[in-house]
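Please open the model in your viewer with the cartoon displayed and side chains ready to be switched on. The tour below goes from one selection to the next and says what is to be found at each stop.

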Amino acid sequence: MQRFSFNRTQTASNKTPRRINRNLIFNLIRTKQPISRADLARVSGLQRSTISLIVEDLIAEGWIVEGAVGHLPRGRRPTFLEINSRRAIIALDIHPSQTTIAVTDLAGRIITQQIVLVPDGATKALNAIVNAIRKLLAAHEDLSFDGIGISLPGRADLNLQKLIFAPNLNWPVLSLKSKMERATGLRVKMDNVANACALSEVWFGSSDGLHDLVVVNVSEGIGTGIFANGQLLRGESGLAGEFGHVQLDADGPQCACGNRGCWEVLASNRAAVAAYAQLTGTQPITFDALLKLSQKGDKHAITALTRMAENLGRGIRTICVALAPKEIVVVGDITTVWHSFGSIIEAQMKKNAFTKPPILRPAYDGATARLRSAVALVLGDDSISSDQ
């Protein structure tokens with residue numbers, strides 16, 4: 001079945017190829033629902049006959065449905081269109097020690113989610129995740145699932161089914177694809193989490209897909225997804241965007257990649273947790289606990305997160321110099337305290353800037369952006385999978 005591209009252009013013409021017009025109409029319905037055919041013609045600039053043909057195709061394929069009938073003083077009463085709420089997607093956000101699994105609708109709204117702790121051992125880890133997915137599918141038999149999207153914490157050659165670079169991951173995540181497809185019969189799409197989040201920002205966020213942007217995913221490590229000239233920048237073997245392993249301090253802590261002082265050992269969640277443990281002389285806590293302590297005014301937690309924010313800004317400044325994007329979007333739990341630390345990140349980004357700095361902002365609902373990115377992988381035709 002035909003998917004959709006990540007072009008968010010709001011107008012088209014009757015000379016535009018039908019696939020582009022189809023993408024435009026679906027996105028307009030998704031973002032402005034409920035909307036009538038007449039309003040689609042007005043917003044898109046397409047003729048009503050073109051709108052009617054595309055809408056009928058989308059209805060026949062089950063992407064959209066007709067909803068309520070509107071009321072007008074005179075003339076034909078419009079029938080409103082909306083995304084089919086009975087279609088759903090399984091989204092996986094994979095971390096080294098746990099995986100969040102969610103059921104979402106086509107608009108990226110989370111219906112339900114759960115956390116699966118990943119046990120030691122490859123077979124146990126894979127089985128735990130697959131069994132959790134089976135239970136979710138059984139609990140939502142009223143929904144029609146379109147596929148499974150997986151955000152990976154590493155770079156992979158998905159055609160060769162092997163991880164190229166994933167220093168924080170210790171189990172064979174790529175085996176999930178074939179195992180899930182056999183267990184569920186659903187198509188599975190996977191990509192590096194930062195790449196997926198970049199696509200998600202265009203698909204679900206406020207970015208229009210016409211301007212260059214970089215997504216900085218901050219978690220156990222740091223990864224970046226680069227959306228330029230209307231598409232993802234992947235580089236040779238899919239390794240473009242590993243700014244997390246650019247060295248900022250040659251005398252800094254050892255990184256899992258083998259170098260010292262990489263950006264991610266200074267500015268990741270782990271870096272902030274380690275800084276807090278060093279300041280207090282206590283055992284490391286979770287990053288979520290660290291955030292809560294900072295909100296309660298704990299001075300050591302605030303100091304640890306301030307260091308993290310300063311180092312995030314330093315690394316982002318490197319991205320500004322190297323790529324000069326129009327926009328940089330930060331994804332991760334740090335966005336929940338953006339009101340306290342966002343200005344610190346931005347100040348470091350702008351320090352000694354010799355060009356106009358990009359827009360810097362947190363992802364919309366940054367804590368769940370990784371799950372929405374998995375949805376974008378399933379819906380879009382710009383993602384990659386091992387069966388391509």
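**A polar contact to begin with**

Select Asp146 and Arg87 and show their side chains, which make a polar contact with each other at 2.5 Å. The model is a predicted one, and this distance, like the other values on the tour, is computed from it. Asp146 sits in strand β7, and because its relative accessible area is 10%, under the 20% cut-off, the residue counts as buried.

**The sheet around β7**

Now extend the selection from β7 to the sheet to which the strand belongs, an open one of five strands in the order β6-β5-β4-β7-β10, with mixed pairing. Colour β6 (110-117) and β10 (188-192) separately: these stand at the edges and each has a single partner strand, so one side of each is left without a neighbour in the sheet. If you look across the strands, the twist from one to the next averages 20 degrees. At the β6 edge, select β5 (residues 98-105) as well, which pairs with β6 in the antiparallel sense over seven bridges; Thr100 can serve as a marker here, since its bridge partner in β6 is Ile115.

**Helix α6**

Next select residues 193-203, which form helix α6; this helix packs on the sheet, where it touches β7 (144-152) and β10, and its direction makes about 105 degrees with that of β10. Is α6 mostly covered or mostly uncovered? The helix is mostly covered, with eleven of its eleven residues buried, and among them are polar residues to display, including Asn195, Ser200 and Glu201, as well as Trp203. Then add Asn192, which caps the N-terminal end of the helix through a side-chain oxygen that lies 3.0 Å from the backbone nitrogen of Ala194.

**The nonpolar cores**

Move on to Val216, Trp263, Phe287, Leu305 and Ile316, which are the residues with the most contacts inside the largest nonpolar core, a set of 34 residues. Several elements give two or more residues to this core, among them β11 (213-218), β12 (222-228), α9 (287-295) and β14 (327-331). Which element gives the most? That is α10, with nine residues. To see the surroundings of one member, centre the view on Val216, which, residues up to four places away in sequence not being counted, touches Trp263, Ile316, Ile319 and Val330, among others. Another core, of 29 residues, lies apart from this one, and you can find it by selecting Phe26, Ile35, Ala41 and Leu379, which are among its members.

**Trp338**

Select Trp338, which lies in helix α11 and is buried, with a relative accessible area of 17%. Apart from neighbours within four places in sequence, Trp338 is in contact with Val330, Ser343, Ile345, Leu360, Arg361 and Pro362. A distance drawn from the C-alpha atom of Trp338 to that of Pro362 comes to 7.3 Å, although the two residues are 24 positions apart along the chain.

**The whole chain**

Finally, zoom out until the entire chain is in view, with its twelve helices and 15 strands. Of the 388 residues, 52% count as buried. The accessible surface comes to about 17400 Å², of which carbon and sulfur atoms account for 49%. Among contacts in the chain with a separation of 6 or more, 63% are between residues 24 or more positions apart.

Notes. Residues numbered from 1 in each chain as written. Predicted model: local features only at pLDDT ≥ 70, side-chain atom pairs only at ≥ 80, totals over all residues. Heavy atoms only, no water. Pairing = 2+ DSSP bridges. Helix = DSSP H or I, 4+ residues; strand = E, 2+ residues; numbered from the N terminus. Axes fitted to C-alpha atoms, helices over the stretch in contact; angles between N-to-C directions. Contact = heavy atoms within 4.5 Å. Buried < 20%, exposed > 50% of the residue type's maximum accessible area, 1.4 Å probe, protein only. Areas by Shrake-Rupley, 256 points an atom, 1.4 Å probe, with all protein chains shown as cover. Core = buried A, V, L, I, M, F, W, Y, C linked by side-chain atoms within 4.5 Å. Polar contact = N/O pair within 3.5 Å; in protein donor to acceptor, adjacent residues only side chain to side chain.
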